[in-house]
Amino acid sequence: MPFRIALSGLDAASTDLQVTGHNIANAATNGFKQSRAEFADIYANSIQDVSTTSAGRGVRVSRVAQQFSQGNIDFTASNLDLALNGEGFFTLADANGNTSYTRAGAYTVDRDGYVVNHTNDRLQVFAPIGNTGSFNTGSTTDLQLPTLSGTPSATTSANVAVNLDSSGTATAAATLFDPTVATTYDNSTSTTVYDSLGTAHTMTMYFRQSTVANEWNVYTTVDGNIVTPTTNSTAAPSSAAYPSATVNFDTSGALVTGSGSISATGTLAFDPYLVAGAAPLNMTFDMNNSTQFGSAFAVNNLTQDGYAPGRLSGVDIDNTGVVSARFTNGQSTALGKVALAKFNNPQGLRQLGDTSWAETFTSGNVQMGEAGTSSFGLVQSGGLENSNVDIAEQLVNLITAQRNYQANAQVITTADTVTQTIINIR
């Protein structure tokens with residue numbers, strides 16, 4: 001019987017050595033979580049046995065317990081390197097739809113634009129709900145970076161905030177307006193607008209003081225072509241004249257809404273401008289912040305909402321897991337929000353290898369959530385979580401397991417000596 005007890009001790013010590021060796025081997029594996037061999041004694045009792053005199057039957061490995069403590073985070077130069085600072089797992093899906101969970105966050109982009117790990121499992125995110133800034137947390141989807149150019153957007157509105165000099169002299173009524181003759185208008189300003197195909201056009205607004213007090217005529221061209229105001233338009237009695245809109249100011253220099261061509265909301269609308277191959281360009285100008293003061297002409301704000309097509313220039317991931325794509329046209333769009341998972345008993349997860357785990361009955365059902373909410377940790381972009389293996393601790397464990405193995409081997413040697421003594425009796 002001592003032989004069998006000692007053999008169980010050798011097996012337990014050997015398992016301890018294997019676990020310790022596995023930990024040491026993965027000391028540099030990103031996202032790796034160390035394990036610990038746990039043991040329990042063995043007693044074989046029957047109804048007739050006296051438990052107080054039972055010597056026991058050895059030892060067994062009760063389990064190899066995973067230790068999910070936080071590892072240190074190293075910073076890298078890649079935005080797609082992700083680390084979790086706190087509780088949770090990244091969620092992955094393979095080509096067959098099988099789900100796994102990991103703390104390793106070294107991701108790259110495959111040929112189709114999907115964000116994948118080294119085994120080509122795809123990182124899962126919550127899909128954005130339109131442009132609301134919210135995400136559909138009821139299901140996950142593969143994170144895919146756009147491989148085509150960003151879609152252009154036609155200009156529909158512009159914010160125009162100018163100061164028109166009230167101390168100027170009204171242009172003679174007999175003069176016809178001509179954009180090529182600077183003396184036929186007082187001031188002008190230009191900006192770039194875009195049609196539905198993303199083609200850039202130069203839009204110019206010309207301001208000419210009217211003979212009516214506190215009134216200005218506004219002429220607009222796109223690439224030199226006439227743009228006609230839709231309301232209260234006026235034109236000089238000449239076929240060469242440009243149609244204009246009128247804006248009025250009160251005696252304090254503030255814009256009077258609902259007067260002239262300005263609507264009650266302070267906007268100025270123009271008829272569609274036809275661009276070859278593109279949809280009609282409809283523009284509305286918000287002039288609420290325009291003024292007429294006794295100072296020089298000034299453009300305080302001139303912005304528009306259109307943009308040209310753009311190429312992907314970068315990817316940003318904030319600490320809440322929101323993934324944003326940046327384009328060369330200055331636009332940015334949310335692609336999703338990194339989906340995190342947690343379990344009531346993470347030690348019950350089944351190890352799959354490649355630093356990944358799978359859900360089991362023992363682990364409990366997966367709980368999906370967003371970084372920074374509930375007990376989920378935060379996402380660190382440009383960082384990787386190191387293994388949580390403490391080399392010094394593992395080397396001490398190695399010595400201890402070695403001594404245990406040697407001690408159990410000594411039990412076998414002693415038992416052999418005793419047995420040999422009995423055999424030698426004559």
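**Exercise 1. Work out whether T191 is buried or exposed, and which residues surround it.**

*Step 1.* Find T191 in the predicted model: look in strand 12, residues 187-194.

*Step 2.* Check its accessibility. The relative accessible area of T191 is 17%, and the cut-off for buried is under 20%. So T191 counts as buried.

*Step 3.* Now see what it touches. Skipping neighbours within four places in sequence, T191 is in contact with H201, T202, M203, L302 and Q304.

*Step 4.* Pick one of those partners, L302, and look at it from the other side. L302 sits in strand 19, residues 298-304. Its relative accessibility is 18%, so L302 is buried too. Leaving out neighbours within four places, its contacts are N159, V160, T189, S190 and T191.

*Step 5.* Compare sequence and space. T191 and L302 are 111 residues apart along the chain, yet their C-alpha atoms are 7.4 Å apart.

**Exercise 2. Decide how V61 is classed, and find what it touches.**

*Step 1.* Go to strand 2, residues 58-66, where V61 is placed.

*Step 2.* Read off the accessibility: V61 has 29%. Partly exposed runs between the 20% and 50% cut-offs, so that is the class V61 falls into.

*Step 3.* List the contacts. Not counting residues up to four places away, V61 touches A12, T15, E38 and F39.

*Step 4.* Take a distance as well. D16 is 45 residues from V61 along the chain, and the two C-alpha atoms are separated by 8.8 Å.

**Exercise 3. F376 is found in a loop. Is it buried or exposed?**

*Step 1.* Locate the loop: it runs between strand 26 (367-369) and strand 27 (378-381).

*Step 2.* Look at the number. F376 has 7% relative accessibility, so it counts as buried.

*Step 3.* See what is around it. Beyond residues up to four places away, F376 touches E87, G88, L340, A341, K342, Q367, M368, G369, E370 and A371.

*Step 4.* Add a long-range pair. F376 and F89 are 287 residues apart in sequence, with 9.0 Å between their C-alpha atoms.

**Exercise 4. Describe strand 16 and find where V247 fits in.**

*Step 1.* Look at both faces of strand 16, residues 245-248. A245 and V247 are on one side, T246 and N248 are on the other, and all of these are buried.

*Step 2.* Find a pairing partner. Strand 14 (residues 215-222) pairs with strand 16 in the antiparallel sense, over four bridges. One of the bridge partners to spot is N248, which is matched with E215.

*Step 3.* Zoom in on V247. Apart from neighbours within four places, it is in contact with N214, E215, W216, V218, L255, I262 and M287.

*Step 4.* Zoom out to the core. A handy background idea is that nonpolar side chains tend to be buried together in soluble globular proteins. Here the largest nonpolar core has 27 residues, and V247 is among those with the most contacts inside it, along with F207, L268, M283, F285 and M287. The elements giving two or more residues to this core are strand 11 (157-163), strand 13 (200-209), strand 14 and strand 16.

*Step 5.* Don't stop there: a second, separate core has 22 residues, including V125, V315, L340 and V379.

**Exercise 5. Is the whole chain compact or spread out?**

*Step 1.* Count the secondary structure: two helices and 28 strands.

*Step 2.* Use the radius of gyration. It is 38 Å, well over the 22 Å that the globule rule gives for 426 residues, so the chain is more spread out than a compact globule.

*Step 3.* Check the box. Along the principal axes, the C-alpha atoms fill roughly 145 × 40 × 40 Å.

*Step 4.* Look at burial and surface. Of the 426 residues, 39% count as buried. The chain exposes about 21600 Å², with carbon and sulfur atoms supplying 50% of that.

*Step 5.* Look at contact range. Among contacts between residues at least 6 apart in sequence, 61% join residues at least 24 apart.

**Exercise 6. Contrast two annotated regions.**

*Step 1.* Take residues 83-147, which the unreviewed UniProt entry annotates as "Flagellar hook protein FlgE/F/G-like D1". This stretch is 0% helix and 48% strand, and its end C-alpha atoms are 25 Å apart.

*Step 2.* Take residues 380-425, annotated in the unreviewed UniProt entry as "Flagellar basal-body/hook protein C-terminal". Here the chain is 72% helix and 11% strand, and the end C-alpha atoms are 74 Å apart.

Conventions. Residues numbered from 1 in each chain as written. Predicted model: local features only at pLDDT ≥ 70, side-chain atom pairs only at ≥ 80, totals over all residues. Heavy atoms only, no water. Buried < 20%, exposed > 50% of the residue type's maximum accessible area, 1.4 Å probe, protein only. Pairing = 2+ DSSP bridges. UniProt positions renumbered as here; feature names shortened; annotations may be inferred. Contact = heavy atoms within 4.5 Å. Rg over C-alpha atoms; globule rule 2.2 N^0.38 Å. Areas by Shrake-Rupley, 256 points an atom, 1.4 Å probe, with all protein chains shown as cover. Core = buried A, V, L, I, M, F, W, Y, C linked by side-chain atoms within 4.5 Å.
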